[in-house]
Amino acid sequence: MTTDARTTPLDDAITSPFLRACRGLEPSHTPVWFMRQAGRSLPEYLAIREGVPMLESCFRTDMVVEITMQPVRRHGVDAAIFFSDIVVPLKAIGVDLDIVPGTGPVVAEPIRSAEQVGALRDLEPDDVTSITDAVRGLVQELDGTPLIGFAGAPFTLASYLVEGGPSRDHRRTKELMYGSPDLWHALLGRIAAIAGQFLRLQVEAGASAIQLFDSWAGALSPADYDTYVRPHSTAVLESVADLDVPRIHFGVGTGELLSRMGDAGADVVGVDWRVPLADAIGRVGPRAVQGNLDPTLLFAPTEVVHARAAEVIEAGRAARGHVFNLGHGVLPATDPDALTRLVDFVHSYEPEA
């Protein structure tokens, strides 16, 4: 791992392997956490969520705290990811939407007009009191383990709002983007403000880092990303720059966009499994990287999982910093014990002499 020799007393005070790796400092071991670790594959998560709709669970302080803590207790990961959903701030400001099991976010009235964009008001602290209360409670219970706050990136949230739900081709999204660029930029500007407000509230309540998820940015060409998206993602990341917490930026299928996502203001660039980590490191420049084991490898024999994990760790040594993760979220059918074994392997890994 390459590090910046210009360290400060503050750097010396950072003991968390996760935070040290994010900042380009040498950690005591390779840190690891998993996207979607808070839920999905854990039986204790399924038990507590039984009969409780997804969005309701995201606004219940006690449930958010418990679900966020479950993978930390079980797996011993180096960071907790706040249990929520990227559409939560939109719900909090009054957008009529729901998360439909088996489908995903569904918006009752997809955005088609400037009047609808104008109705997207700012996110106020009182809109998410139960969520910031959960952050404060988690910081106490985590007792030094960093908490990652997160938000959805403007393009991905805009796609849900315009399409009315998940889309394979983002036809309506691109129709608006190309055909009504003024309305498009107005929409993404409003979403960027809301996402930035949501991230800021999480950090002010105690989150130690943030991650901006752009799940659908891989549907864009580099030129379209630069023109229609990057300025708004930059605005989100810039909105918390003064808080001095690591900013992670992740997208799916974004191999051709990695340098641009870093340039948007990320300290750490998340890499999915489609791009060899060594190639990704060359693209993101002097930034830390996060990733990037294929989530489906967790269904392979343990020796295969660990061999592939070792390759990822070795590749990560060339980066300014490396946080081990999957190349996307934990799949629901994943054996939780496989995740625990993987954490133990990453923590104890030593290169062969």
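**A parallel sheet and its aromatic contacts**

In this predicted model, helix H10 spans residues 171–179, and its buried residues are Thr173, Leu176 and Met177. These three cover an arc of only 100° around the axis, which means that they sit on the same side of H10. Three helices receive the buried residues of H10: they pack against H9 (154–163), H11 (181–204) and H12 (222–238).

H10 also takes part in an aromatic contact, and it is useful to recall how such contacts are described. A pair of aromatic rings is characterised by the distance of the centres and the angle of the planes. The structure holds seven aromatic pairs. In one of the pairs, the ring centres of tyrosine 178 and tyrosine 228 are 5.9 Å apart and the planes stand at 80°, so the arrangement is edge-to-face. Because tyrosine 178 belongs to helix H10 and tyrosine 228 to helix H12, this pair ties together parts that are 50 residues apart in sequence. The two partners can also be described by their exposure. Tyrosine 178 is partly exposed, at a relative accessible area of 43%, whereas tyrosine 228 is buried, at 14%.

Phenylalanine 213 and phenylalanine 250 provide another example: their ring centres are 6.3 Å apart and their planes lie at 80°, so this pair is edge-to-face. Here, too, distant parts of the chain are linked, since phenylalanine 213 is in strand S5 (residues 209–214) and phenylalanine 250 is in strand S6 (residues 247–251), 37 residues apart. Both phenylalanine 213 and phenylalanine 250 are buried. Together with Phe150, Phe213 and Phe250 form one aromatic cluster. A contact of another kind involves arginine 274, which lies over the face of tryptophan 273 at 4.1 Å from the ring centre.

The two strands that carry the phenylalanine pair belong to an open sheet. Seven strands form this sheet in the order S1-S4-S5-S6-S7-S8-S9, and the pairing is parallel. Its edge strands are S1 (80–81) and S9 (322–326), each of which pairs on one side only. In general, strands of a sheet pair through backbone hydrogen bonds, in either a parallel or an antiparallel manner.

Strand S5 is mostly covered, with six of its six residues buried. In a regular strand the side chains alternate between the two faces of the sheet. In S5, Ala209, Gln211 and Phe213 point one way, while Ile210, Leu212 and Asp214 point the other way, and all are buried. On one flank, five bridges join S5 to strand S4 (residues 147–152), and these strands run parallel. Within that pairing, isoleucine 148 stands opposite alanine 209 of S5. S5 is likewise joined to S6 by five bridges, again with the strands running parallel. Across this pairing, isoleucine 210 stands opposite arginine 247 in S6, and leucine 212 stands opposite histidine 249 in S6. Helix H12, the home of tyrosine 228, takes part in the connection as well: S5, H12 and S6 make a right-handed β-α-β unit.

Strand S6 is also mostly covered, with five of its five residues buried. Arg247, His249 and Gly251 point one way from S6, and Ile248 and Phe250 point the other way, all of them buried. Two bridges join S6 to strand S7 (residues 268–270), and the strands run parallel. The bridge partner of histidine 249 in S7 is valine 269. From S6 the chain crosses through helix H13 (residues 258–263) to S7, and this β-α-β crossover is right-handed.

Towards the S9 edge of the sheet, five bridges join strand S8 (residues 288–293) to S9, and the two run parallel. In this pairing, glycine 291 stands opposite phenylalanine 324 of S9.

Methods
Residues are numbered from 1 along each chain as its sequence is written. This is a predicted model: local features need pLDDT of at least 70, side-chain atom pairs count only at pLDDT 80 or more; totals for chains, interfaces and linings use all residues. Side-chain values use heavy atoms; hydrogens and water are left out. Buried means under 20% relative accessible area, exposed over 50%, partly exposed in between (1.4 Å probe, protein chains only). Helices (H or I, at least four residues) and strands (E, at least two) are DSSP runs, numbered from the N terminus. The arc is that of the directions from the helix axis to the C-beta atoms. Contact means heavy atoms within 4.5 Å. Rings of Phe, Tyr and Trp (its six-membered ring) pair if their centres lie within 6.5 Å; planes under 30 degrees apart count as stacked, over 60 as edge-to-face and the rest as tilted. A charge sits over a ring if NZ of Lys or CZ of Arg is within 6 Å of the ring centre and within 35 degrees of the ring normal. Two strands pair if DSSP finds at least two bridges between them. A crossover is right-handed if, with the strands pointing away from the viewer, the path from the first strand over the helix to the second runs clockwise.
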